Amino acid sequence: MAQSFSCSQTDQMSIDPRSGFCKSNSTFYSKRKPIPLPANHALDITTFISSRPHSGKVAFIDAATGRYLTFTEFWKALDSLSSSLSDIGIRKGDVVLLLAPNSIYFPLICLSVLSLGAIITTTNPLNTSREIGKQISDSKPKLAFTVSPLLPKLADSSNNLPVILIGQEQNPANLEKFRIVGTLEEMMNKVPNETRVKDRVTQDDTATLLYSSGTTGASKGVVSSHRNFMALVQTIISRFGTTARDETFIATVPMFHIYGLAAFAMGLLGMGSTVVVLSKFDMEDLLLTVEKYKATYLPLVPPILIGLVNKSDAIKRKYDLSSLRTVLCGGAPLSKEVIEGFLEKYPNVTIMQGYGLTESTGSGASTDTMDESLRYGTAGMLSPSTEAKIVDPDSGEPLPVNQTGELWLRGPTIMKGYFSNEEATASTLSSEGWLRTGDLCYIDDDGFIFVVDRLKELIKYKGYQVAPAELEALLLTHPDIADAAVIPFPDKEAGQVPMAYVVRKSGTNISQPAVMDFIANQVAPYKRVRRVAFINAIPKNPSGKILRKDLIKLATSKL
């Protein structure tokens, strides 16, 4: 497991208090107050969160129906569900799949599974059966939670996988294809079995298996521990303070993603805040929910914030957003134009930003005040108890302040590694616990991180990760395509969209719409190719690696 290493007394004397840079070991240290971690090693994240004070108020509200769970009801239902899962044989180390949209039950399911020492793996409801099947084949879950409308996505890969249904619909089509072992409602209302098996769970045990494209493009299971999430909860608490118990947050971002899972299923629960849950993003529903529940905090991704700026006049005429005090933005640093535009339209709202990866449990850097966010283009300062290095990608040498290189992170939120993939783990995690982020960054004189470019070949579409290698592999299966490359193309609303460069096979004349339709039929909507260009040959280096930068330059030369 990655550990948090501290600067020796000798090194501390050479730390620049302004930048956090230590000359003697070329390491940047967080300027924020270190987070406390529990001394009890035999502790799981569920017990850790449940021990936090919460004032007995409402924990989760369903924005659509108004149904809610108080903290007391939440922990009571969790005890019942944990007992029910134990009774059907779920044990420490078993993997449980959760395929569902956001709901007030999403955190309940996750923390019930984790309380047993079992492992939760989530997947995007927009993913295709093929994509979900691939994850099932890799993670080998013993049980799945899902809603009736998503059951068909398990049909081709369930292999008689036991399923627990979430929600009221009990008679989906072709139910006989599935091994339904119960419903969430009956399990969370069952009297707990006081003699149930309780395995010893430690901070080092695996908690989640979230799938990420990492730094190389192929989807891999990120193994995160209970300690990783405890550190993340403590980081969130240190960021917002104990007064956050009185705040109301809107859950807009998906809980299957590290951003949503860390914030809504764990961090805010640990703070004792109220979370209003939207099952899916819709701008009108979002604004109505802010108004109805007098929300004070709004976590979102850049495209939503840009929408709030572009449509501000119409929004202000129709909705009362006067309760809103803070927006929390993650996914990509905001530009000077966007921040200034937002502050002009919403002068009473503070912007806070964050930077993190699935591999760092969503933690890494943040801006925690408006003044920090006004350092335009920054991803923020290092999270508490986190260390960084800026490393020259060619020489491997660590670099000082204001020099651009790959950002390496180390601290208590760094993953254990990639599931059953020693090669990928070794190439991403150093023997000393450093996570190679794949992001080209520099840290300035005041300790602020700036992301300059990506070493890793990921496309960020509306905050979602899209791996070019996955789309390229699919394109090459088309009988009319000889070669292909996929690159990120800048887009004002989405951030980036996948663009394909295609080499037609001799004698064929495949069209742009045909290429796009071919991919659209096989992947989740956010992975679809949005632009296509035809080319005589894909530029590659002598070892056959696609020269994406050449293609990006070609694609953007006319902008």
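This passage walks through a predicted model, from its confidence to its strands, its cores, one helix and two individual residues.

In this predicted model, local features need a pLDDT of at least 70 and side-chain atom pairs count only at pLDDT 80 or more, whereas totals for chains, interfaces and linings use all residues. Residues are numbered from 1 along each chain as its sequence is written, and side-chain values use heavy atoms, with hydrogens and water left out.

The pLDDT, which is the predictor's confidence in each residue on a scale from 0 to 100, averages 90 over the protein, and 94% of the residues score at least 70. Residues 1-5 have a pLDDT below 50. This stretch nevertheless has 19 contacts in the model beyond near neighbours in sequence, a contact being heavy atoms within 4.5 Å.

A good place to begin is strand β7, residues 143-147. Helices (H or I, at least four residues) and strands (E, at least two) are DSSP runs, numbered from the N terminus. Because 5 of the 5 residues of β7 are buried, the strand is largely enclosed by the rest of the structure. Here buried means under 20% relative accessible area, exposed means over 50%, and partly exposed lies in between (1.4 Å probe, protein chains only). Both faces of β7 are covered, with L143, F145 and V147 on one side and A144 and T146 on the other. Two strands pair if DSSP finds at least two bridges between them. On this basis, β7 pairs in the parallel sense with β5 (residues 95-99) over 4 bridges, and with β8 (residues 162-166), again parallel, over 4 bridges. F145 takes part in both pairings: F145 is the bridge partner of L98, and I164 in β8 is a bridge partner of F145.

F145 also appears in the largest nonpolar core, which has 146 residues; F145, L154 and M266 touch the most other members. Helix α8 (residues 258-271) gives this core its largest share, 10 residues. Apart from it lies another core of 23 residues, including A379, L407, Y418 and I443. A nonpolar core is a set of buried Ala, Val, Leu, Ile, Met, Phe, Trp, Tyr and Cys residues joined through side-chain atoms within 4.5 Å. In soluble globular proteins, nonpolar side chains tend to be buried together. Leaving aside residues up to four places away in sequence, L154 touches L97, L99, I132, I136, A144, T146, V163 and F178.

Helix α7 (residues 226-240) offers a simple check of geometry. The expected span of a helix is 1.5 Å times one less than its number of residues; the 15 residues of α7 should therefore span 21 Å, and the end C-alpha atoms are indeed 21 Å apart. The helix is mostly covered, as 13 of its 15 residues are buried. G241, which follows α7, has a positive phi, near 80 degrees.

Two residues round off the picture. R179, in strand β9 (residues 179-183), counts as partly exposed because its relative accessibility is 40%. Its C-alpha atom is separated by 5.0 Å from that of P162, 17 residues apart along the chain. The side chain of R179 also reaches the backbone oxygen of N160 at 3.4 Å.

S373, in helix α13 (residues 370-373), is buried, with a relative accessible area of 0%. Its side chain makes a polar contact with the side chain of T367 at 2.7 Å. A polar contact is a pair of N or O atoms within 3.5 Å; within protein, one must be able to donate a hydrogen and the other to accept it, and residues adjacent in sequence count only if both atoms are side-chain atoms.
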